[in-house]
Amino acid sequence: MRQPVLGILTLYLNEKKVLEERAIYEKMTAAGQQLGLKIMIFTPADVNYSANRIYALFYNPEKNSWHRKWSAFPDVIYDRCRIQKSYRFQQLQKFRARYGSLRFLNKPISNKWTIHNLFMQEERFRQYLPITKYVTSSIDVIAMLRKYPLLYLKPVSGTGGRGIMRIERIKKDVLHIQGRNRQRSIIKPRRITTQSLVSFLQSLDLKSSKYIVQQGIQLQLDNGRVHDYRMLVQKNGEGNWSVTGCAGRVGAQRSVTANLHGGGKAVPMETLLREWFSNDVQIESIKAEAEKFGIEAAAFLEKRYGHLCELAFDIAIDREGHIWMIEVNPKPAREVFIKANEPEVYEKAISKPLEYALWYLNRNKTKKHKARV
């Protein structure tokens with residue numbers, strides 16, 4: 001009996017055809033083998049459009065080796081492509097336009113500003129959203145600074161903390177600014193006057209670069225480092241949304257974000273919550289509310305964008321126990337759970353998309369059978 005095939009769609013990182021998540025794909029292939037699901041990895045550059053064939057990569061767990069071969073299109077596609085400023089991303093857009101009618105486990109979603117506005121349309125989600133404005137000029141930032149002593153300036157698109165600036169009013173006319181540039185390197189913290197903020201913001205080219213400005217939440221631990229939580233919500237083998245895990249992240253020294261790629265460290269959610277709160281009942285209530293929010297938010301986005309199989313929500317929890325949604329990541333990494341010493345959650349994070357793929361394919365097979373009867 002022919003094994004169903006899951007195609008993992010990705011992008012090469014450079015001209016040497018380096019794969020960003022090669023180790024993950026190896027683990028997924030081994031897990032798929034146990035489930036009876038064949039895995040192939042490919043990029044838009046590997047597709048022969050005239051023949052509708054793919055020069056795909058396959059991993060052999062027994063031999064710990066990779067090989068390529070020409071293959072037919074897979075039964076279902078798991079899109080792991082992240083935004084790149086390169087011609088490779090243009091190739092991806094061409095592929096999605098040409099083969100959009102194929103079965104995809106997950107569709108692309110929009111940028112931070114569009115997602116924020118979508119959630120704002122639903123009253124049940126508004127309480128979780130920091131006040132956010134689209135930046136057309138430095139005037140927008142200054143107006144927000146009059147209302148909130150702490151702001152975050154973020155590129156509309158992008159991941160990993162790139163280009164995020166933290167602006168805090170520490171005295172009437174004195175601001176503290178720190179952040180990361182587009183290459184994710186930490187910008188040296190500085191103090192400036194409110195008057196000189198305009199020239200600083202002009203250097204960022206806010207209008208053409210597309211930024212949002214957001215109400216800041218005080219998340220500094222006693223050691224001065226910021227923290228947040230990465231909650232992974234995935235479809236399971238029954239086609240339902242469930243929270244796979246939620247881990248805490250503590251930012252590197254002088255970092256304005258807690259991203260692991262920016263030098264942050266991961267810890268279990270429970271450990272980090274106990275640094276913030278001492279009441280067990282409150283901690284359990286926060287965890288339950290966060291899980292409920294994650295599942296409802298994932299289901300909501302799927303209704304707007306079509307098929308989705310996983311989302312990561314970066315959430316913050318303030319001193320009062322209020323939950324804030326910081327960002328949504330449609331192509332989440334999994335290493336936060338390994339670094340938080342939660343190997344079982346990590347294994348589930350790898351296997352769940354495969355289990356969902358099998359459920360999805362079996363459901364479609366059943367539908368076809370019923371349609372013929």
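These legends go with a few close-up views of a predicted model.

**View 1. The largest nonpolar core and the residues at its busiest spots.** Picture 38 residues packed into one core, where Phe 119, Phe 293, Leu 301, Phe 313 and Val 328 touch the most other members. Several helices and strands chip in at least two residues each, among them helix H3 (112-120), helix H8 (269-276) and strand S16 (310-317). Helix H9 gives the largest share, with 9 residues.

**View 2. Zooming in on Phe 119.** Which residues does Phe 119 touch, leaving aside those up to four places away in sequence? Its partners include Phe 125, Leu 129, Ala 297, Phe 300 and Met 325, and Arg 126 is on the list too.

**View 3. A second core.** Separate from the core around Phe 119, this one has 35 residues. Look for Leu 6, Ala 31, Ala 340 and Val 345 among them.

**View 4. Salt bridges within helices.** Opposite charges can pair up when the charged atoms of their side chains come close. In helix H8, Glu 270 and Arg 274 sit 4 residues apart, about one turn, and their side chains meet at 2.9 Å, N to O. Helix H9 has Glu 296 and Lys 292, also about one helical turn apart, with a 3.0 Å salt bridge between them. Glu 296 is partly exposed at 26%, while Lys 292 is exposed at 51%.

**View 5. A salt-bridge network.** Here Glu 20, Glu 21, Arg 80, Arg 82, Glu 310 and Arg 334 are all linked up. Across the whole structure, a search turns up 25 salt bridges.

Definitions and conventions
Residues are numbered from 1 along each chain as its sequence is written. This is a predicted model: local features need pLDDT of at least 70, side-chain atom pairs count only at pLDDT 80 or more; totals for chains, interfaces and linings use all residues. Side-chain values use heavy atoms; hydrogens and water are left out. A nonpolar core is a set of buried Ala, Val, Leu, Ile, Met, Phe, Trp, Tyr and Cys residues joined through side-chain atoms within 4.5 Å. Buried means under 20% relative accessible area, exposed over 50%, partly exposed in between (1.4 Å probe, protein chains only). Contact means heavy atoms within 4.5 Å. A salt bridge is a side-chain nitrogen of Lys or Arg within 4 Å of a carboxyl oxygen of Asp or Glu.
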